[in-house]
Amino acid sequence: MGFCGIFGSLRLYMLPRKRAAADGVVVIEADPETTATTNDNSAAASSFKKHRLDSCIIAVTATQSTAKNGDNSAIIGTNSDRSNSTVVESSSSIMALGDANHTEIDEDLHSRQLAVYGRETMRRLFASNILISGMQGLGVEIAKNLILAGVKSVTLHDEGVVELWDFSSNFVFSESDIGKNRALASVQKLQELNNAVIISTLTTKLTKEQLSDFQAVVFTDISFEKAIEFNDYCHNHQPPISFIKAEVRGLFGSIFCDFGPEFTVVDVDGEDPHTGIIASISNDNPALVSCVDDERLEFQDGDLVVFSEVHGMIELNDGKLRKIKNARPYSFTLEEDTTNFGTYIKGGIVTQVKQPKVLNFKPLREALKDPGDFLLSDFSKFDRPPLLHLAFQALDNFVSDMGRFPVAGSEEDAHKLISIAGNINESLGDGRVEDINPKLLQHFAFGSRAVLNPMAAMFGGIVGQEVVKACSGKFHPLFQFFYFDSVESLPTEPLDPSDFRPLNSRYDAQISVFGSKLQKKLEDAKVFMVGSGALGCEFLKNIALMGVSCGGKGKLTITDDDVIEKSNLSRQFLFRDWNIGQAKSTVAASAAASINPCLNIEALQNRVGPETENVFDDTFWENLTLVVNALDNVNARLYVDQRCLYFQKPLLESGTLGAKCNTQMVIPHLTENYGASRDPPEKQAPMCTVHSFPHNIDHCLTWARSEFEGLLEKTPAEVNAYLSSPVEYKAAQRNAGDAQARDNLERVLECLEKEKCETFQDCITWARLRFEDYFVNRVKQLIYTFPEDAATSTGALFWSAPKRFPHPLQFSAADPSHVQFIMAASILRAETFGIPIPDWVKHPKMLAEAVEKVIVSDFQPKKDAKIVTDENATTLSTASVDDAAVINELIFKLELCTENLQKGFKMKPIQFEKDDDTNYHMDMIAGLANMRARNYSIPEVDKLKAKFIAGRIIPAIATSTAMATGLVCLELYKALDGGHKLEDYRNTFANLALPLFSMAEPVPPKVIKHSDMSWTVWDRWILRDNRTLRELIQWLKDKGLNAYSISYGSCLLYNSMFPRHRERMDKKVVDLAREVAKAELPPNRKHLDVVVACEDDEDNDIDIPQISIYFS
């Protein structure tokens, strides 16, 4: 099929006509040709009554619909965003990948998702129609993720009604929904997630012909017989319809994907193409290509690359794809004979060219018999997938025979399922499983009716991502079966069949898997959740559905000091657009309580750190059962990690980056703590590279962000600091007397004198002269100081890789990018001076006329200009012997110009805000960066890409967030049950793009041994009775430890080398802390902590735990 089949034209829907009716009713009339084939009893047109809900129309079925099969259905969607996209039950077929041509993307809303997918994938998503069949916990999780992603339409199918049983996993149901159709009961709350998505329902039996309306169909509760029928239709349809069958059964789950006979993956991993800066190329066969050691190469053998900008060996600049081999960190060989090519002189970029990949999926009918390789998630269970492949078929047979699922705790039902599995296994001949593991199959049988929320969240994330792949060709699909289990989450103590008995509660499904005792532990847990952003919203939903902190003794405390922004809404699904500007924790807590009214939750807006230890005090931490981190920065994670270490509380840690996610379990005395291992710090470009020798767009954007903050935030703030307290400010600069003080004064003086703006024309003049300074004069000075043939002290060319020789720009009012820069810069300059902004500035022709009035002086390079080339330099300011004299002269000039200022004059510093596309911040930064890139012949970027880099936007999507929280909550069962061993816990790294799932047991803490004792980072030695210094030292000596230094915080209380410290021996340690360290211990603090350095009798240092001395 290839690209032509996938990207073929879209056959249009047959759209219904709308006509007005009385009393605000809209009647939707089907096309006569479409209704001709409908049943007689459904020929009448449906009438829909409009209800207002945040600019969307909820269409409630009044009579039977005009769908050709007579199904009951409802449609919900916006009345403005997709006016040409009304959904009707038609037989029109849709192409496999959505038409990506005519859809505007709300970049404010979807910026984080755009950073993962890019515009083309997003446009295809916006054109995709999805069917989700089965609206229990898994179905609603998949729907949530796809609606947040912004597909064109989602059709929900379910023939069943809401039961109390569903409340363990479905976050949209409330008690008033019991007895209603599941699909219909889901519509309104799902629609609130994204009004741009059209949501409709089907509530009667599906026919395979109806599947032709969709690019992808997902079934979460379907028999294998029916699945095979539907899959055959999808597989053979032209174009093929992507088919996914997913199930969650207790602690077991399965996914099957079939995207057709020939499915083209446009981008297999979503990573940017790798590049390298060439240092040399040999004239050999094969040729050796060496690159600069600025960064390690990421190429792999077999990669195809293209060369550009090579000087000398120009034959390589022909754009031809070339294969590399022997890839090493800084070199590779080229499968090409360059013997007769020109001799390499300098320069050159080598860039990976990513290739599409065609996958040949087998239909379910064939794949069941010949599944091929299973996707593994846990290498300690490498033999598990074939067994689960068997188990899910056996369960299907059981349900087909009995008309029900096995009963939890029923040995008879479990034996029957095990027997069916055994019979299927025997029929497989050589392909049979050696050990069908009856114990595991019993667990499978007992929990098979239950859909658990953590499993639904995890699988909802995976399946949601697979649908995105099916609709866009972005990322490598799951090929073709994936099986998973988390039997380690079960309680460690054996359960009696009576423990599984339903209690007529919303947790009955969960009780059928874990028993009522663990449920009680969940309900009575005291949990602290730090953060209520994307991870926090998912965790709150999971916790509410699981019943955590929902009992009489339980309590959930959540804190987040942030407020809701528009860009949050594409992932942080508990928030709505009317919540923008409100506190995240408060809104999230309220939304979680609406999911489960029994949730005992307190929302705070405090940042967690040393400054709030009066809020989160010792008593608070000591009373906790467990801590869940939902943070987005390492420093906060490290602080919470230290608190959990100190108070010996379990910490469940997780994080996401685009399609990647990781989870880490920090369990007292069992695992290492979060801070025990860290990623290496991110490499920073040298200052001289950023300011004078950029060689990629990141350098240009880093410089642009720095200039923006210097011009529009720091300098105006510096001016205000001077104007607010001129005497103190001048004294401070005189006292500093250094290059930085000189720079500060120069900038303030320049802003108030030479570059002071009083009219908007002044602001245009300033912007035009800035352009000349940045992109013309500075470059002329640089190439005057270092001409193109300049050599270093060693004789090497100065402008050798990775340096790029620059060229000055020539301003042109006919160049839109030049004018756009002037417009953004002048508007922002006017803002800092409080100057009104005229409307004409946004008209290019009028702006160009104003720019033409600016007089630009000719530039003469200086012979003695100093340009920093030292890569280790940390500042561009150079100290001078006469700094003090210059500072005095600058202060004198400043005093003179201040006399001419209007009384009360203040500037308005501008803080960079990346998520407001109307404020011109990103326009200026993108303009600065792209003009600079043009100077150095570096490829330019659009404003969105500039926003990602300069705004340091972390790519994020709902699917990886949902998966991470589901995995963490499977570990939550273990942590709250207690008694689990290290090997029962799992840390996970996953990449949904590949897809890759890597699970392993956590690393144990490092054990330190001394004499007959041992301890880890989790241990804290506690001494009561308010000990003296002498008693503390003696207590350690009795353990064979000789204390030579004792400190409290950063203050030394005792050191054996200082004779005067011996006078302190009989003082209480707490009194010493108050006297020497000036410790101010709060009234609620009953102990203090000291760090003691010890040696053994052989003078070997021994790292001992922190010691807590209780004094009350």
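**Figure 1. The hairpin of β28 and β29 in the predicted model.** In this predicted model, A990 of β28 stands opposite F997 in β29. The two strands pair in the antiparallel sense over five bridges and form a hairpin with four residues between them. On its other pairing, β28 is joined to β27 by four bridges, and these two strands also run antiparallel. Here N662 stands opposite F989 in β28. Four of the five residues of β28 are buried, so this strand is largely enclosed by the rest of the structure.

**Figure 2. The open sheet of eight strands.** The strand order is β24-β23-β22-β25-β26-β27-β28-β29, and the pairing is mixed. The sheet ends at β24 (601-604) and β29 (996-1000), edge strands that each pair on one side only. Direction ignored, neighbouring strands are turned by 10° against each other on average. Strands of a sheet pair through backbone hydrogen bonds, in either the parallel or the antiparallel sense. The parallel sense is seen between β22 (residues 526-530) and β23 (residues 555-559), which share five bridges. In that pair, M529 stands opposite I558 of β23. The antiparallel sense is seen between β27 and β28.

**Figure 3. Helices α17 and α28 on the open sheet.** Strands β22 and β23, paired in the parallel sense over five bridges, belong to the view. Helix α17 (residues 634-647) packs on the sheet and touches β22, β25 (626-629), β26 (651-657) and β27 (660-666). The direction of α17 makes about 165° with that of β26. Helix α28 (residues 958-977) also packs on the sheet, where its contacts are with β25, β26, β27, β28 (987-991) and β29. The direction of α28 makes about 15° with that of β27. Strands β25, β26 and β27 are thus touched by α17 and by α28.

**Figure 4. The annotated C-terminal domain.** An unreviewed UniProt entry carries the annotation "domain: Ubiquitin-activating enzyme E1 C-terminal" for residues 985-1107. In the model this span is 14% helix and 37% strand. The C-alpha atoms at its two ends lie 30 Å apart.

**Figure 5. Surroundings of C688.** The unreviewed UniProt entry annotates C688 as "active site". The residue lies in helix α18 (residues 687-692). Is C688 buried or exposed? C688 has a relative accessible area of 2% and is therefore buried, the cut-off being under 20%. Not counting residues up to four places away in sequence, C688 touches F693, V868, T869, D870 and E871.

**Figure 6. Helix α21 and its cover.** Helix α21 (residues 739-752) has 14 residues and reaches 20 Å from its first C-alpha to its last, close to the 20 Å expected at 1.5 Å a residue. Ten of the 14 residues are buried, so α21 is largely enclosed by the rest of the structure. Among the buried residues are the charged or polar-named positions R742, D743 and N744, together with L745, V748, L749 and L752. An α-helix has 3.6 residues a turn, so residues three or four places apart point the same way. The cover over the buried residues of α21 includes α19 (697-724), α20 (726-736), α23 (816-833) and α25 (883-898).

**Figure 7. The buried aspartate D267.** The place of D267 is in the loop between β13 (263-265) and β14 (275-281). D267 is buried, with a relative accessible area of 12%. The side chain of D267 reaches the backbone nitrogen of G270 at 2.9 Å. A second polar contact, of 3.1 Å, joins this side chain to that of K474. Residues touched by D267, not counting those up to four places away in sequence, are K354, G473, K474, F475 and H476.

**Figure 8. The closed barrel of six strands.** The barrel runs β14-β15-β18-β17-β16-β19, with antiparallel pairing. Neighbouring strands are turned by 45° against each other on average, direction ignored. Within the barrel, β17 (residues 322-325) and β18 (residues 331-334) pair in the antiparallel sense over two bridges. I324 has L334 of β18 as its bridge partner. Strand β14, which follows the loop that holds D267, is part of this barrel.

Note on methods:
Residues numbered from 1 in each chain as written. Predicted model: local features only at pLDDT ≥ 70, side-chain atom pairs only at ≥ 80, totals over all residues. Heavy atoms only, no water. Pairing = 2+ DSSP bridges. Axes fitted to C-alpha atoms, helices over the stretch in contact; angles between N-to-C directions. Contact = heavy atoms within 4.5 Å. Buried < 20%, exposed > 50% of the residue type's maximum accessible area, 1.4 Å probe, protein only. Polar contact = N/O pair within 3.5 Å; in protein donor to acceptor, adjacent residues only side chain to side chain. UniProt positions renumbered as here; feature names shortened; annotations may be inferred. Expected span 1.5 Å × (residues − 1).
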